[in-house]
Amino acid sequence: MFRFILAAMCLALAPHAWAGQKAEKIAVTPDGERALVIIKAKELEPPLNMASGFHLTFAPYDAQQEAIGGSILGGGFTLLAKPKLFYDGYLVADVPPGTYAFQQFTRQDRWALCYNNNSRVFTIKAGEALYLGEFDSRGSLMDLENEVTKSLRFTSVGGSLVHFFDVAAPRIKPVGEGEIAKVQSFVTSRMPRTTSIVQSAVFSEGRFGTGKDLFGTNRVCGGYYKGSAKPK
């Protein structure tokens, strides 16, 4: 029973599909049912005994309800910033079409910035290849370290994820002139099974409600019992 509860807790903290595909194996075509998300970022050296420098998680988003979706059965996706999954500085994910919000930036599988009060939202259609721009991973790590220092929460009790809420918006740089052409060249050369033409993402601002863990005691960035954002 204890092992079952522990497993359920882990699922509650990680309700998304892990986007760890090899770029060359992804096949997104204009008439296909899937879509391609591309983001640029600087690599962060994985902490000791960790496989990824960071995780960047996206959740399905309902603008009318100002709420994120996703469950232990899936619904969102997480980019794993593993060294072997970086291609010319890009991370890629084969995802279902839909509307997504930046949910959280996670380091060491233990500390996370939750973008609940200042997120960025985008919609991707079936058959599209969407470039989100460059994510400032190093600046985001500094933001997270500052939150840890201010809170003095240097340890994670029981191995649970420590979230920091109401933080600044995700650090996404505007797409520069000629950048889409470079991304398209990357897709053409490194993703031979993908034929969709790269487009630049259009973002809107978004907010979402947070939730509780399996036992309803700790606030988490999603999880169980999540609802709409609180009125401003």
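A residue counts as buried when its relative accessible area is under 20%, as exposed when that area is over 50%, and as partly exposed in between. Glu 147, at 21% relative accessibility, is therefore partly exposed, and this vocabulary helps in following the charged side chains of what is a predicted model.

Side chains of opposite charge can pair when their charged atoms come close. In this model, the count of salt bridges comes to 8, and the pair to which Glu 147 belongs is a convenient place to begin. Its partner is Lys 150, and the two side chains meet with an N to O distance of 3.6 Å. Both residues lie in helix H2 (residues 137–151), where, because they are 3 residues apart, they are separated by about one helical turn. Lys 150 is exposed, with a relative accessible area of 63%, whereas Glu 147 is partly exposed.

Other pairs link parts of the chain that are distant in sequence. Arg 207 forms a salt bridge with Glu 66, with 3.3 Å between the closest N and O atoms. Arg 207 sits in the loop between strand S14 (204–206) and strand S15 (211–212), while Glu 66 sits in the loop between strand S3 (55–62) and strand S4 (67–68), so that this pair connects positions 141 residues apart. Arg 207 is buried, with a relative accessible area of 10%, but Glu 66, at 27%, is partly exposed.

A further link of this kind joins Glu 134 to Lys 173, the closest N and O atoms of this salt bridge being 3.9 Å apart. Here the partners both belong to strands, Glu 134 to strand S10 (residues 129–135) and Lys 173 to strand S12 (residues 172–173), and they are 39 residues apart. Glu 134 is buried at a relative accessible area of 14%, and Lys 173 is partly exposed at 40%. Through salt bridges that share partners, Lys 42, Glu 134 and Lys 173 are joined into one network.

Which charged residue is buried yet has no salt bridge? That residue is Arg 107, which is placed in strand S7 (residues 98–107). The nearest side chain of opposite charge, that of Glu 145, is 6.0 Å away, and because a salt bridge requires a side-chain nitrogen of Lys or Arg within 4 Å of a carboxyl oxygen of Asp or Glu, this separation does not qualify. Leaving aside residues up to four places away in sequence, Arg 107 touches Leu 44, Glu 45, Pro 47, Gly 53, Leu 141 and Leu 144.

Technical notes
Residues are numbered from 1 along each chain as its sequence is written. This is a predicted model: local features need pLDDT of at least 70, side-chain atom pairs count only at pLDDT 80 or more; totals for chains, interfaces and linings use all residues. Side-chain values use heavy atoms; hydrogens and water are left out. Helices (H or I, at least four residues) and strands (E, at least two) are DSSP runs, numbered from the N terminus. Buried means under 20% relative accessible area, exposed over 50%, partly exposed in between (1.4 Å probe, protein chains only). Lys and Arg count as positive and Asp and Glu as negative; His and the chain ends are not counted. Contact means heavy atoms within 4.5 Å.
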